[in-house]
Amino acid sequence: MNPIAVALWNPIVAKEYRSRMRTWRSPVAMTVYILLLGGLGWAIFSSMTFTARNSFNAGQGANYGQGLFLYLILFQMVLLAFITPALTAGAISSERERQTIDLLFVTKLPSFSILWGKLLASMSFVLLLLLLSVPIFSLVFLFGGIELDQLAAAFLVTAVSALTLGIIGIACSTAFRRTLPATVSAYGAAFILLAGSLLFGLLFPTDIDPKATAAPAPPAVTYLSPILPLITIGTNGPVNNYGVRNGNNNIYPTGGGGMACSTTPAGVQSCYPIGPNGAFSKGIVARPMQASGTTIPSGLFTGWQYWQATVTMQLVLSLIALIVGAILLSPIRHLPWRMRAAAPVTT
Amino acid sequence: MIAVEQLTKIYGRRTALDAVSFEVPRGEIFGFVGPNGAGKTTTLRILAALMEPTTGRAFVDGADVTMQPDRVHERLGYMPDFFGVYDQLTSAEYLDFYAACYRQPKARRKKITDDLLELVGLSDRRDQAVDTLSRGLKQRLCLARALVHDPAVLLLDEPASGLDPRARVEMREILKELQKMGKTIVISSHILPELTELCTMIGIIDQGRMRATGLVQDVIRQLTSGRRLRISVLGQREEAVAVLKPLPMIHALSAQNGAIEAEYEGDDATAAAILQTLTAAGIKVSGFSQLEGGLEDAFMRATEDAP
């Protein structure tokens with residue numbers, strides 16, 4: 001068997017499916033998930049119908065579609081952020097608590113396969129939930145305003161974020177012997193990934209360089225959060241009022257100076273240097289800086305789509321968490337500096 | 001088949017194993033005896049490549065447990081001192097899962113499962129959920145699990161603990177069957193009489209140190225200071241004691257249930273000479289028998305002088 005097949009080959013997945021689907025928890029979880037997401041969709045749909053009845057305006061449909069999509073996709077992300085750590089944080093620690101982990105270690109399964117099998121089993125349940133939500137998202141197409149590629153990009157971001165949360169959950173499950181601390185730390189990591197990275201953008205926004213030729217962008221750390229790309233995909237526009245010090249955010253409309261940015265309906269962002277009172281600075285040549293649509297205008301990921309940056313950063317984070325998890329899981333770690341020659345003994 | 005060389009394991013400031021060494025040749029049943037916390041499980045876990053020793057080495061069929069854990073796992077079936085069963089699986093699915101983990105081809109797995117269920121007497125329970133099996137049945141299923149890849153060596157950690165007498169007897173019968181199949185078995189237990197009957201070799205461990213190891217009879221002989229005789233006489237006990245006491249081969253005399261127990265140094269000829277001396281002195285001997293030193297006795301002696 002080739003090494004890739006060995007790594008992917010996994011009886012744990014089949015066993016996990018069997019165990020998971022024989023309990024009442026899985027159908028209940030699926031039902032609750034659909035009810036929550038469908039309930040939110042229905043509530044927004046009703047509210048939009050009400051608004052449209054009172055003040056009908058042809059052409060508003062696209063806005064309604066975008067709004068519905070944005071609410072649904074963000075809510076789905078939050079739901080998965082609650083579900084995924086619960087699925088994976090106990091994967092290894094529960095085997096330890098049940099004392100079955102040693103029985104797996106003495107088989108021919110490499111530690112990585114144990115980790116991978118657990119991950120695959122949990123993530124396929126998440127994938128099932130994502131598939132179940134597709135009919136709800138199809139509501140959006142009644143209104144228009146969202147293209148299929150946007151939907152695909154948003155689902156990709158959601159799936160990769162769930163995968164990252166899943167792998168972090170597995171790594172926590174490996175690092176802690178008990179399920180409770182593993183779960184707490186996995187939820188902590190989920191919070192940091194979703195909200196903490198956004199908070200970073202608020203606390204440490206990008207300083208504007210008046211001589212820069214490109215529009216400012218939020219710090220790269222903030223791209224770790226799936227919220228930012230989901231908003232850019234949903235609104236099909238750049239990120240405004242966030243992550244840039246005294247840009248066109250309205251927190252200090254008259255103070256500080258820096259840049260003033262405005263966005264055209266086509267999604268083109270123009271920024272100009274401004275003085276402390278919001279007036280154009282004298283002596284500084286006003287250079288329009290354009291950030292078109294949903295691409296990142298400056299910084300490490302210049303020219304990338306927000307979702308591309310997020311997916312890349314999360315996959316790197318996932319890889320690191322997976323490697324850490326695999327190293328922590330092995331009962332005997334063959335680190336290069338600990339190798340010594342093996343001399344077989346005949347008995 | 002199994003070689004343990006100067007194995008030491010230190011947890012923080014506690015020494016769990018202190019230079020433990022022993023060897024088990026192919027086809028033997030090695031009884032690993034010691035009180036709770038003596039280091040039996042630690043030794044077995046190191047042998048199963050589940051734990052690294054602080055110093056020392058261990059080999060299973062020539063494979064170093066630290067450097068070649070995969071080779072060790074191929075040759076070894078390990079049954080820990082807990083059941084380790086999954087909910088929601090039937091007995092047959094449970095064995096099939098582990099057979100798959102040992103990379104047994106799918107086509108062979110059904111036969112392996114059926115054969116093993118039959119070996120441990122669980123054929124009629126193949127579709128019963130594992131978590132609903134009784135303790136004794138779970139233990140048998142776990143033994144079957146350790147055999148799915150037909151290993152040459154079996155490590156059984158306290159396989160009889162918590163079992164009722166009937167289940168113990170059944171477990172012992174299965175182990176005898178496995179011995180006939182040529183397996184090398186290491187079995188840890190603190191239930192000594194079972195091991196005397198089952199094992200060909202024993203090792204006595206206490207507080208992390210190996211007190212004695214070798215063939216069962218050798219260990220017993222090594223640990224008991226001498227052989228013992230039970231002598232019954234017809235109403236002449238005082239006289240008999242007076243005859244026996246001056247004899248150079250007699251170490252100690254004691255009264256037990258109306259008979260005299262004499263500890264002596266020597267062989268069967270010495271015992272015959274003692275009997276001859278008694279009868280020559282006119283003592284009417286009604287009973288004269290050699291007492292077997294049991295494993296329990298050897299074990300108590302081995303562990304009583306522990307520091």
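Angles between helix axes under 35 degrees count as roughly parallel, over 145 as roughly antiparallel, 65 to 115 as roughly perpendicular, and the rest as oblique. Keep that handy for the exercises below, and remember that this is a predicted model.

**Exercise 1. How are H3(B) and H4(B) oriented to each other, and which residues make their contact?**

Step 1. Start with the geometry. Helix H3 (residues 91-101) and helix H4 (residues 106-119) of chain B pack at an angle of about 125°, and their axes are 9 Å apart.

Step 2. Put the angle into its class. An angle of about 125° falls outside the ranges for roughly parallel, roughly antiparallel and roughly perpendicular, so H3(B) and H4(B) are oblique to each other.

Step 3. Add the hand: the crossing of H3(B) past H4(B) is right-handed.

Step 4. Now pick out the residues. H3(B) brings B:Ser91, B:Ala92, B:Leu95, B:Asp96, B:Ala99 and B:Ala100, while H4(B) answers with B:Arg109, B:Ile112, B:Thr113, B:Leu116 and B:Leu117. By class, the contact of H3(B) with H4(B) has seven nonpolar, two polar and two charged residues.

**Exercise 2. Which class does the pair H9(A) and H11(A) belong to?**

Step 1. Helix H9 (148-175) of chain A packs with helix H11 (residues 227-235) of chain A at an angle of about 170°, the axes being 10 Å apart.

Step 2. That makes H9(A) roughly antiparallel to H11(A), because the cut-off for this class is over 145 degrees.

Step 3. Look at who touches whom: A:Gln150, A:Ala153, A:Ala154 and A:Val157 come from H9(A), and A:Pro229, A:Leu230 and A:Ile233 from H11(A). The contact of H9(A) with H11(A) splits into six nonpolar residues, one polar and no charged.

**Exercise 3. Which elements of domain 1 of chain A touch domain 2 of chain A?**

Step 1. Fix the bounds. In the domain assignment, chain A has domain 1 (3-205 + 306-329) and domain 2 (220-292).

Step 2. Count the contact: domain 1 of chain A gives 25 residues and domain 2 of chain A gives 20 residues.

Step 3. On the domain 1 side, the elements with two or more residues in the contact are helix H4 (61-88), helix H9 (148-175), helix H10 (179-203) and helix H12 (306-329) of chain A. The residues on that side divide into 17 nonpolar, eight polar and no charged.

**Exercise 4. What is the strand order in the open sheet of four strands in chain B, and which strands stand at its edges?**

Step 1. Trace the pairs. S1(B) and S2(B) run antiparallel and are joined by seven bridges; in S2(B), B:Val24 is the bridge partner of B:Ile2.

Step 2. Strand S1 (residues 2-11) of chain B is also joined to strand S4 (residues 55-60) of chain B by five bridges, again antiparallel. Here B:Ala3 has B:Phe59 of S4(B) as its bridge partner.

Step 3. Two bridges then pair S4(B) with strand S5 (residues 63-64) of chain B in the antiparallel sense, and B:Phe59 stands opposite B:Asp64 in S5(B). The hairpin of S4(B) and S5(B) has two residues between the strands, and B:Asp61 takes a positive phi near 50° in it.

Step 4. Put together, the order is S2-S1-S4-S5 (chain B), with antiparallel pairing. Strand S2 (14-24) and S5 of chain B are the edges; each has a single partner strand, so one side of each is left without a neighbour in the sheet.

Step 5. Finish with the helix: H1 (residues 40-47) of chain B lies across S1, S2 and S4 of chain B, at about 120° to S1(B).

**Exercise 5. In what order do the six strands of the open, mixed sheet of chain B run?**

Step 1. Try a parallel pair: strand S3 (residues 29-33) and strand S9 (residues 201-206) of chain B share four bridges. B:Phe30 has B:Met201 in S9(B) as its bridge partner.

Step 2. The full order is S6-S7-S8-S3-S9-S10 (chain B), and the pairing is mixed. Strand S6 (76-79) and strand S10 (209-215) of chain B are the edge strands, each pairing on one side only.

Step 3. Neighbouring strands of this sheet are turned by 15° against each other on average, direction ignored.

Step 4. Helix H5 (residues 135-146) of chain B lies across S6 and strand S7 (153-157) of chain B, running at about 160° to S6(B).

Notes
Residues are numbered from 1 along each chain as its sequence is written. Chains are lettered from A and ligands numbered from 1 in the order in which they are written. This is a predicted model: local features need pLDDT of at least 70, side-chain atom pairs count only at pLDDT 80 or more; totals for chains, interfaces and linings use all residues. Two strands pair if DSSP finds at least two bridges between them. Axes are lines fitted to C-alpha atoms, for helices over the stretch in contact, and angles run from 0 to 180 degrees between N-to-C directions. Two residues are in contact if their C-beta atoms, placed from the backbone, lie within 7 Å. A crossing is left-handed if the near helix is turned anticlockwise from the far one by less than a right angle, and right-handed if clockwise. Ala, Val, Leu, Ile, Met, Phe, Trp, Tyr, Cys and Pro count as nonpolar, Asp, Glu, Lys and Arg as charged, and the others, Gly among them, as polar. Domain bounds come from an automatic or database domain assignment.
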